[in-house]
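I opened a new page for this chain. My plan is to go from the whole fold to one helix, then to the charged pairs.

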Amino acid sequence: MAGCIFYSFFTTPNGYSEDVLLTTSEYLPYTTEHAENYGFCTEIVSAVIKNMDMNPVYKFYPWRRGQLNVREGNVRATFPYSKNAEREREYWFSAQPLFVGRVSFFCCKDCLSENLRWNTLEDLKQYKIGGVRGYWYESDFAKAGLAVEYTDHPEESLKKLYSGRIQLFPLNEMVGWYLIDRLFPDHKKRFCVLAKPYELSPSYLMVSKSYPNSKRLLKRFDEAFQRLKESGGYRKILKKNGIMYSEEMY
């Protein structure tokens, strides 16, 4: 796509002055509790925070729980989150996105054609749509009048897509193909994405407005993130994880 930040006037065992406890969620390959460095997006956040002379510590929560903890001021920040008008009223966001993902509708070729044309979400009313609770598109789908079957995890929705219980499922393409490769290694060719993407989705560090000193921390984060990019460290992390750098996508 958790917890809170504790202040200390002493140096931590690894040499940093403060531990920073952040929330995130399972969003392979960007963030995951089950991989080295917790996925490449978490690796980027870690590099930025270490550049601030602080030590990142992570807790993995479901999306809604992590977001609620940030909103209520129990947690300093979470990631990766996209912006919308409602969220910008309640949270601060990093000045630059951690990454920009291409979100498309996945389908199965024996059910729908990848050449299916659509212009607005209303054009998709006739189809069975899948979604994940807590994702940014919930309000968009409700406004468009779509009937959506929601699950708690993208893996569950992909399984519904595979079985024919839903016909379309919007997901970051990198995440979608990663999960399909893991869940259906012998049936990857059954899946495709519609030619027209749903959107390009920048994802940010999302910071609590009610947690003390969060604005100051965000300013330091933005400055350290810019230093990471200027030093080439950002591209190095992407390359290490097999991701091609693109000005449009990052």
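**Entry 1, the whole chain.** I count helices as DSSP runs of at least four residues and strands as runs of at least two, numbered from the N terminus. I note that the model is predicted. On that basis I find eight helices and eleven strands.

I looked up the overall size next. The C-alpha atoms fill a box of roughly 60 × 35 × 30 Å along the principal axes. The radius of gyration is 19 Å, which agrees with the value near 18 Å for a compact globule of 250 residues.

Then I checked the surface. Buried residues account for 52% of the 250 in the chain. The exposed area is about 12,400 Å², and carbon and sulfur atoms supply 49% of it.

**Entry 2, helix H5.** Which residues of helix H5 are buried? I list Pro 154, Glu 155, Ser 157, Leu 158, Lys 160 and Leu 161, in a helix that covers residues 154-163.

I then asked what the buried residues of H5 pack against. Four of the partners I wrote down are strands E6 (99-108), E7 (129-132), E8 (148-151) and E9 (169-172). Helix H6 (173-183) and strand E10 (191-193) are also on the list. Just after H5, I noted a positive phi of about 90° at Gly 164.

**Entry 3, charges.** I tallied 35 positive and 30 negative side chains. The centres of the two sets lie 1 Å apart. The salt bridge count comes to nine. I looked up three of them.

*Glu 155 and Arg 182.* This one starts from H5. The two side chains meet in a salt bridge at 3.2 Å, N to O. The pair links helix H5 to helix H6, with the two positions 27 residues apart in sequence. Glu 155 is among the buried residues of H5. Arg 182 is partly exposed, at 45% relative accessibility.

*Glu 173 and Arg 102.* Their closest N and O atoms are 2.8 Å apart. Glu 173 is in helix H6 and Arg 102 in strand E6, so the bridge ties together parts 71 residues apart in sequence. Glu 173 is buried, with a relative accessible area of 18%. Arg 102 is partly exposed at 33%.

*Glu 43 and Lys 240.* I read 2.8 Å, N to O, for this salt bridge. Glu 43 sits in helix H1 (residues 40-51) and Lys 240 in helix H8 (residues 233-240), 197 residues apart. Are the two ends buried or exposed? Glu 43 is buried, at 13% relative accessible area. Lys 240 counts as exposed, at 53%.

Conventions. Residues numbered from 1 in each chain as written. Predicted model: local features only at pLDDT ≥ 70, side-chain atom pairs only at ≥ 80, totals over all residues. Heavy atoms only, no water. Buried < 20%, exposed > 50% of the residue type's maximum accessible area, 1.4 Å probe, protein only. Contact = heavy atoms within 4.5 Å. Rg over C-alpha atoms; globule rule 2.2 N^0.38 Å. Areas by Shrake-Rupley, 256 points an atom, 1.4 Å probe, with all protein chains shown as cover. Lys, Arg positive; Asp, Glu negative; His and termini not counted. Charge placed at Lys NZ, Arg CZ, Asp CG, Glu CD. Salt bridge = Lys/Arg side-chain N within 4 Å of Asp/Glu carboxyl O.
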